[in-house]
Structure formats: structure tokens, C-alpha cells
Amino acid sequence: MDYKKSKNKGYSFVEMVIVIAIIGIVSVMAIASISMIHSAKCKDAAVVFDSEISELFAKAKSMNDFEYGMYAIRVYKDGKNFYIQKGRAKKFGPIIKFKVDSENPNDYKGKKVTGYARISYTAENDSGLDYPVDWSSSLDATWTATTTIQCDGDMGSFHNGDSLTGVVIAVTKSGDVISGNGAYCFFRKNGSQVARVYVRKNGSHEAR
């Protein structure tokens, strides 16, 4: 009986090159997709931030004279995430007393804005608004160098007299921004700027 011997030649060099090329193309597409997703989430964070600013101004207009302080939000970083915490504020020179609202989610920490971006803050000056070219001017370092934020009252893990980080945006009933006016820039973790939100002293704000 004759047996035909089959020879297993394996992959040819051309086939190997084609497979490697396909793997490379798929990898590039996957990296590009992830990059687009991160950019989109970063832009979404800026939109959420701007909508919170709009809500803050709307609340401030309805404020009566018997309520505690000004309506305010605190933007701060906890770990790798940024949060927006609602509250009330009173300003005493360089000191801001911030009272945390009971309506804040996440054990009163506030609404999580993003974990995909870095947020930088540049204060508005007499010449107008500017914005940082990179994320190295951190949210906390830029602000806390000139302003002290203290917790006013107890709410969850936030206790009276605690030192708080971040930026407090406080608005009067007439719509003037008493603190926190400036440019908030949203950067991807690789350092590229994706969006920015301007909050002006006169009460106007916009997202770009």
C-alpha cells in the first residue's frame, strides 16, 4: 500500500508579512479609537462643567437675603478624579468659608466630572482672561497659593474648620462672580488641550 506523504511547509515569508501588517493596522486603529474616546470624554467633562456653571447662576438669581452666603461650587481633585461639589460660600478677604450642601452625591463629595482629563485653572486678571498652554499649572497649586478654603459646618466626612483644596466659584444674586473667575482648561493625560471654559467676573461664561 502506498502512502502519500504530506509535507507541512508552514507559513511562507509573504504570509507572515501580511499577518504582521494586519496586526499592525488593527493595533493602530485600536489606539486611535481609544484616543478618540478619551478626547470625547474630556470634552463631555467641559460640557458638564459649563452646565453646572449655568445652574449655579440660575440658583443665585433666586437667592433671598435670609439664606446663608452665596451659592457656590467647589471644583477639586480627589485621587485621579475631579469633582464638582455644591454649597454656599462666604468670603472674608483671602479666606473662603464653604458650606457643603446635603444634596451632593457620592457621600457629599459631589458630582464626578472626569477621570480622563487634567483640569488647569488660570485666574482672570485686569487685562482679561488667559489660559495655560499645558496642564502643569495644576488646579490646586494655582489657587491655594493666594486663597484659603475652610469647611464651614459638618457634612459627612467634611468637618467644620477643615482645610479644603480646589477652586470655589461663588456668585452673588446680581450675577457677579466673587471668586473662581478665570479660565478652566481641560487637557488629556498626554498633555493635549481638548476644551476650555471661561468664567468671567461680570457673570458671563462660555465653553470652547
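**Exercise 1. The chain as a whole**

How much area does the protein chain expose, and what share of it do carbon and sulfur atoms supply? Describe also the order of the elements and the confidence of this predicted model.

*Solution.* Begin with the surface: the protein chain exposes about 12100 Å², and carbon and sulfur atoms supply 56% of that area. Turn next to the interior, where buried residues account for 38% of the 208 residues in the chain.

The secondary structure comprises two helices and 12 strands, and, read from the N terminus, the elements follow the order α-β-β-β-β-β-α-β-β-β-β-β-β-β. As for how the chain folds back on itself, take the contacts between residues at least 6 apart in sequence: 58% of these join residues at least 24 apart.

Finally, consider confidence, for which the mean pLDDT of the chain is 81, with 81% of the residues reaching 70 or more. Among the elements, strand 3 (residues 95-100) has the highest mean pLDDT, at 94, whereas helix 2 (residues 139-144) has the lowest, at 50.

**Exercise 2. The cavity**

Identify the residues that line the largest cavity, and work out which element gives the most to that lining.

*Solution.* The first step is to establish what there is to examine: the structure holds one cavity of 30 Å³ or more, and the largest cavity has a volume of about 70 Å³.

The second step is to list its lining, which is formed by Glu52, Glu55, Leu56, Lys59, Tyr71, Ala72, Ile73, Lys86, Gly87 and Asp101. The elements that give two or more residues to this lining are helix 1 (13-61), strand 1 (70-78) and strand 2 (81-92), and helix 1 gives the most, with four residues.

The third step is to sort the lining residues by character, which yields four nonpolar, one polar and five charged.

**Exercise 3. Phe186 and Cys42**

Are Phe186 and Cys42 buried or exposed, and which residues are in contact with each of them, leaving aside neighbours within four places in sequence?

*Solution.* Locate the two residues before judging them: Phe186 lies in strand 10 (residues 182-188), while Cys42 belongs to helix 1.

Now apply the cut-off, by which a residue is buried when its relative accessible area is under 20%. Phe186 has a relative accessible area of 0%, and it is therefore buried; Cys42 also has a value of 0%, so Cys42 is buried.

The contacts come next, with neighbours within four places in sequence left aside. Phe186 touches residues that include Cys42, Ala45, Ala46 and Phe49, as well as Arg118, Ile119 and Val194. For Cys42, the partners are Ala117, Phe186, Phe187, Arg188 and Val194. Reading the two lists together, Phe186 and Cys42 are in contact with each other, and Val194 is a partner of both.

To close, compare separation along the chain with separation in space. Phe186 and Ser39 are 147 residues apart in sequence, yet their C-alpha atoms are 9.8 Å apart; Cys42 and Gln193 are 151 residues apart in sequence, with a C-alpha to C-alpha distance of 9.3 Å.

**Exercise 4. Strand 6 and the loop after it**

Decide whether Ile149 and Asp154 are buried or exposed, and place each of them in the chain.

*Solution.* Ile149 lies in strand 6, and, because its relative accessibility is 2%, Ile149 counts as buried. Its C-alpha atom is separated by 5.9 Å from that of Ser163, a residue 14 positions apart along the chain.

Asp154 sits in the loop between strand 6 (148-151) and strand 7 (163-164), and its relative accessibility of 55% is the reason why Asp154 counts as exposed. Leaving aside neighbours within four places in sequence, Asp154 is in contact with His159 and Asn160. The C-alpha atoms of Asp154 and Ser102 are 10.0 Å apart, and these residues are 52 apart along the chain.

**Exercise 5. Positive phi values**

What is the phi of Asn106, and what is that of Asp107?

*Solution.* Asn106 has a positive phi of about 55° although it is not a glycine, and Asp107, likewise a residue other than glycine, has a positive phi near 55°. Both are placed in the loop between strand 3 and strand 4 (111-114).

Their accessibility is then considered separately: Asn106 has 43% relative accessibility and so counts as partly exposed, whereas Asp107, at 66%, counts as exposed.

Key: Residues are numbered from 1 along each chain as its sequence is written. This is a predicted model: local features need pLDDT of at least 70, side-chain atom pairs count only at pLDDT 80 or more; totals for chains, interfaces and linings use all residues. Side-chain values use heavy atoms; hydrogens and water are left out. On a 1 Å grid over the protein atoms alone, a cavity is a set of points where a 1.4 Å probe fits but cannot get out, and a pocket is an open set with protein on both sides within 12 Å along at least five of seven lines; lining residues have an atom within 4 Å of a point. Grid points are joined across faces, edges and corners, and a volume is the space filled by probe spheres set on the points. Ala, Val, Leu, Ile, Met, Phe, Trp, Tyr, Cys and Pro count as nonpolar, Asp, Glu, Lys and Arg as charged, and the others, Gly among them, as polar. Buried means under 20% relative accessible area, exposed over 50%, partly exposed in between (1.4 Å probe, protein chains only). Contact means heavy atoms within 4.5 Å. Accessible areas come from the Shrake-Rupley method with a 1.4 Å probe; for residues, only the protein chains shown count as cover. pLDDT is the predictor's confidence in each residue, from 0 to 100.
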